[in-house]
Structures are given as structure tokens and as C-alpha cells.
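Me: I am new to this structure. Please take me through it, and give the reasoning behind each term.

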Amino acid sequence: MKLAILGAGAWGTALAIAFARHHQVTLWARDPNQVAELAAKRVNQRYLPDCPFPDALKLSAELPRAIQDAELILIVTPMAGLRPTLRALTALSSHLPPLLWACKGFEAGSSLLPHQVVAEELPANHRCGVLSGPSFAREVAQGLPAAAAVASDDEAFARQVARDLHSPLLRLYANADLVGVEVGGAVKNVMAIATGVADGLEYGMNARAALITRGLAEITRLATALGASQQTMMGLAGMGDLILTCTGALSRNRQVGLKLAEGKPLQQALQELGHVAEGVATAREVLTMAERLEVDMPITAAVCGLLYQGHDPQRVVQELLSRSPKSEAGDLLH
């Protein structure tokens, strides 16, 4: 299968390496200098320095050339890059091949999920969907086993893509709950910041487990309010991605929380990270949406206080721990 992967960050590079083992893959980046360096070194020195490219992997800084004859396009940019990339594609052709995106988050300012951005930029009924799940880029590039979900409103399309791209080392599962998969992939990054703060303050593994569990409850409340299936939250894009991002040493969002727990300002934490941590921008959009839908999301609110109002990390965790007792279903205990 001929694939065009647009975006040469850590995740785009990892997917290009993984899929190039079985398919014809072209990896595109908009910066010609970056592409020249990737081509010369045959490795992404910035993001995955220990993961050399397969010989068959092609590189391009020319978008028309990258998508030429492609049977499937994968957009693997930060959320902020999704709309500009879609507009660049539609400016090239009105007859694009089917498309997947692997962006996680809500669009800043509009609070739109990725599929809603796609719906505004692509013609109606274009075959498309999302790829999401518990998968660190480095491990996928190294060929370690992983699993992810392919979700689309067109269930037949999701099943076809899952079959075509499935491999023993990257197992793909079809899902018809596009909203649930996207919400799970977005909001888990916010919960990972909170977990990183608790870990950095050395609150222990019991507190981490409590945060993850209550974080899943928050994600589920928002997802179902947006029309998602509760079952999706128990799967790869819900519980699976949440556990990985909240506990894994490679988690960027958890690293942000760890740095904030050290008392570092947000900008310093992000500068030291050197990568995009989607949970930072996503937290504000999630809280705005939760307030509009009247969905209770105290962990998200606490993270926003930490990120944007300068709240003390210790105080944030203590406020969460001092909340009124409730049943697990959410009602107050009197």
C-alpha cells in the first residue's frame, strides 16, 4: 500500500518507520532543511536518534510529490497543524485519497475535535478517520509491540484500514465511535499533567492510581456528554492511552507535571521539554467545553489553575484531596 505521512515529528517519524517495513511510505515535512538532514543522516536526530530509517522509506519536502499516487494520507502533526495541512491538501486537489489523522486534542480557540475540523475543510462523505491509542513513538519505531484504534463514522472504512495496516508489531482495531476515540486521546494528556505533579510531589502510587481512576471518570463524563460510547472509554483509546500516558517515563505531558512540581514556571518546563505537550493547550479547551456542557471535571479545573493561574502545585493536589466525599457514581454523601 502507498502511504503519505505528513509530519516528521516523533510520532509521524515513528509511524513512517513502522509502516515502511510493510508498505511504500513517503514521509513529508514542510521544512526543506529538515528533510535534507533526515535524508542525509537517515535518522530523525532530534526526536528519535536511535531509530534509523528503513532503506525503503522515502522523504520529501514537496507536498504534491509526497501525496502523488498515495492510496492513504496520514496527517501526523500537532493539533495546531491539522487545519493548515488540510487546507494545503485541498488547494492541491479536490480528489484526495482517503485520509487518517493522528492529532490529539481540541483546536485552540474553537474547542473543535479533529473530526470537526476535518468536516469543515474536506468535502462531505470523504473517507477518513482517526488513529489513536496507547503508543509511545520510540517504542513503535523500535519495533516493540503496540496496539491502537482506527475509528471512523464509516465503520467499513475503519475495518478496511485496520486490515490493511495491521501487523504483528502494530495491531490495529476498528472502532465506529469517532468521538469517543478522539476525546479519550485528547483528555488523557490533561490527566497526565496532574499525575506528573502528584508523582513529582511524591504522593505515592496510591495517589497515582486514584488520579488515573478518577481521571477516567472525568473523561467518560465528557465523552458521553458529547455522544460517545462508555465502552470506548474502557478500550485502547480510553483506559489504555490514559494508563500509558500517566505512568510512562516517555510521556511528555507527565514530564510537564513533574517539572511543575519542582516549582518551575510553565514556559521553562516547556522549553526544557523541547517537544509539544498537547495537554497544556487542551486543558483550557476541555474546561471551557465542560463548563458549557455542565460536566464536572475537577482534575481538569485544577490543572488549568496550575497552568494558567499560577496556583501552587501542592495546593492544587491538596484541594483535590479535600473535596467533599462522594459515591463513585458522583453523588454527594450526606
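**Cavities and a crossing**

Reply: This is a predicted model. Start with a cavity lining: β6 (128-132) and α8 each supply at least two residues of the lining of the second largest cavity. Its volume is about 40 Å³.

Me: What makes α8 stand out in the lining of the second largest cavity?
Reply: α8 gives the most, with three residues. The full lining is Cys103, Lys104, Gly105, Pro114, Val130, Ser132, Val181, Glu182 and Gly185. By class, that is four nonpolar, three polar and two charged.

Me: How do you know which class the residues lining the largest cavity belong to?
Reply: The lining is Ala194, Val197, Leu211, Ile299, Ala302, Val303, Leu306, Val316, Val317 and Leu320. Ala, Val, Leu and Ile count as nonpolar. So the lining has 10 nonpolar, no polar and no charged residues. This cavity has a volume of about 60 Å³. Its largest share, four residues, comes from α15.

Me: Why is α8 called oblique to α12?
Reply: The axes of α8 (residues 178-200) and α12 (residues 252-261) cross at roughly 40 degrees. Roughly parallel needs an angle under 35 degrees, and roughly perpendicular starts at 65. The angle fits neither class, so α8 is oblique to α12. The crossing is right-handed.

Me: Which residues of α8 and α12 make the contact?
Reply: α8 brings Asn189, Ala192, Ile193, Gly196, Val197, Asp199 and Gly200. α12 brings Asn253, Arg254, Gly257, Leu258, Leu260 and Ala261. They divide into six nonpolar, five polar and two charged.

Note on methods:
Residues numbered from 1 in each chain as written. Predicted model: local features only at pLDDT ≥ 70, side-chain atom pairs only at ≥ 80, totals over all residues. Heavy atoms only, no water. Axes fitted to C-alpha atoms, helices over the stretch in contact; angles between N-to-C directions. Parallel < 35°, antiparallel > 145°, perpendicular 65-115°, else oblique. Left-handed = near helix turned anticlockwise from the far one by under 90°. Contact = heavy atoms within 4.5 Å. 1 Å grid on protein atoms, 1.4 Å probe; cavity = no way out; pocket = protein on both sides within 12 Å on 5 of 7 lines; lining within 4 Å. Points joined across faces, edges and corners; volume = space filled by probe spheres on them.
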